[in-house]
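I open these notes to keep a record of what I looked up and in which order. The entries follow my own path through the coordinates.

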Amino acid sequence: DYVFLRDAFISDLKGNALLLKFAEKNREPESKIIADELEKLDFNLKELPSKKNIYAEGGEFYFCPKDKILFSGINRNTIEGAEEVASFLNVDELIMIDSPSFHLDTVFSTVLDNEGFLKAIIICKKLISKNSFKKLEHLNNKLNIDLIIVPKEDSIGSNNTLGTLAVNSFSSPGLLISSSQYSNELVEKKIHELGVNIEICSVSQFQLSGGSVHCLTNEI
């Protein structure tokens, strides 16, 4: 699992990194491995408090530094863990998204413009709670961002069909890297209209382990 670099830490993009805490104990050694690598890069490392009920995994987060917004899943994160990460990143708003899916990044992605501001959210509406979608609609009204809804097949799929995990994307200013094209060509058309480029990078072997581009990458 070490190839899934997303889960073990989150960076504030200013030389500080917070080591996260896995809900699954057998993944804890990953944090030690990545900590050694980050120290070689002269990162200032911090750790989550060693309290009960504080868990946080990187696949549950999408951080928008310019907007000072942090999106967090609530499957492998606890509320306390998400709040600790929000405090570390010094965000103005923490938006919790409830989904039965493994990590938030299997149903969700941000789209950032060339300056790094949030312009759109790609979301599998059928795999998040109604209350969570209302939060996104409220954000849409407040910031005038687009909500781009995709089907399950662009996410984890259904009981009968394995999804492409196209939504599991690396999102950076002006660029979205995905493992697959979206099933509806209008999704990519809309993203291009926002001035954002899409690159497709096949990671089919990693998808066999349940991960994709967002899981394999991390911003430092």
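Entry 1, a salt bridge between a helix and a strand. I began with lysine 142, which at 46% relative accessibility counts as partly exposed. The model is a predicted one, and I keep that in mind for every value below. The side chain of lysine 142 meets that of glutamate 93 in a salt bridge, with N and O 2.9 Å apart. Since lysine 142 belongs to helix α3 and glutamate 93 to strand β6, the pair ties together parts that are 49 residues apart in sequence. I then looked up the partner, and glutamate 93 is also partly exposed, at 24% relative accessibility.

Entry 2, other salt bridges. I searched the whole structure and obtained nine salt bridges. One of them joins aspartate 7 to arginine 27, with 2.9 Å between the closest N and O atoms. This pair links distant parts of the chain, as aspartate 7 sits in the segment before β1 (9-11) and arginine 27 in the loop between β2 (16-19) and α1 (28-40), 20 residues apart. Are these two residues buried or exposed? Aspartate 7 is buried, with a relative accessible area of 4%, and arginine 27 counts as buried as well, at 9%. I also noted that salt bridges with shared partners join Asp7, Arg27 and Glu30 into one network.

For a pair inside one helix I turned to glutamate 37 and lysine 40, whose side chains meet in a salt bridge at 3.4 Å, N to O. Both residues lie in helix α1, three residues apart, which is about one turn of the helix. Glutamate 37 is partly exposed, with a relative accessible area of 33%, whereas lysine 40 is exposed, at 61%.

Entry 3, nonpolar cores. I next asked which residues have the most contacts inside the largest nonpolar core. That core has 34 residues, and the ones with the most contacts inside it are Phe71, Phe108, Ile121, Ile122 and Ile191. At least two core residues each come from β4 (61-64), β5 (69-73), β6 (93-97), β7 (108-112), β8 (118-123), α3 (130-143) and α4 (185-193). The largest share, five residues, is supplied by β8. I listed the surroundings of isoleucine 121, leaving aside neighbours within four places in sequence, and found it in contact with Phe71, Phe108, Ser109, Leu136, Leu139, Ile145, Asp146, Leu147 and Ile148. There is also a second, separate core of 16 residues, which includes Ala56, Ala82, Ala86 and Met96.

Entry 4, cysteines. How many disulfides does the model contain? The count comes to zero. For cysteine 64 the closest cysteine sulfur is that of cysteine 215, at 17 Å, and this is too far for a bond because a disulfide requires the two sulfurs to be within 2.5 Å. Cysteine 64 counts as buried, at 0% relative accessibility. Cysteine 124 is likewise in no disulfide, and the nearest cysteine sulfur, again that of cysteine 215, is 15 Å away. Cysteine 124 is buried, with a relative accessible area of 0%.

Entry 5, asparagine 168. I found this residue in the loop between β9 (146-149) and β10 (170-172). Although placed in a loop, asparagine 168 counts as buried, at 0% relative accessibility. What does its side chain reach? It reaches the backbone oxygen of aspartate 105 at 3.2 Å, and a polar atom of the same side chain of asparagine 168 lies 2.7 Å from the backbone nitrogen of histidine 214. With neighbours within four places in sequence left aside, the contacts of asparagine 168 are Tyr62, Asp105, Thr106, Ser212, Val213, His214 and Cys215.

Entry 6, asparagine 75. This residue lies in the loop between β5 and α2 (79-89), and at 36% relative accessibility it counts as partly exposed. The side chain of asparagine 75 reaches the backbone oxygen of serine 101 at 2.6 Å. Apart from neighbours within four places in sequence, asparagine 75 is in contact with Glu60, Ser99, Pro100, Ser101 and Phe102. Last, I checked its separation from aspartate 7 of Entry 2: the two residues are 68 apart along the chain, and their C-alpha atoms are separated by 13 Å.

Terms used:
Residues numbered from 1 in each chain as written. Predicted model: local features only at pLDDT ≥ 70, side-chain atom pairs only at ≥ 80, totals over all residues. Heavy atoms only, no water. Core = buried A, V, L, I, M, F, W, Y, C linked by side-chain atoms within 4.5 Å. Buried < 20%, exposed > 50% of the residue type's maximum accessible area, 1.4 Å probe, protein only. Helix = DSSP H or I, 4+ residues; strand = E, 2+ residues; numbered from the N terminus. Contact = heavy atoms within 4.5 Å. Polar contact = N/O pair within 3.5 Å; in protein donor to acceptor, adjacent residues only side chain to side chain. Salt bridge = Lys/Arg side-chain N within 4 Å of Asp/Glu carboxyl O.
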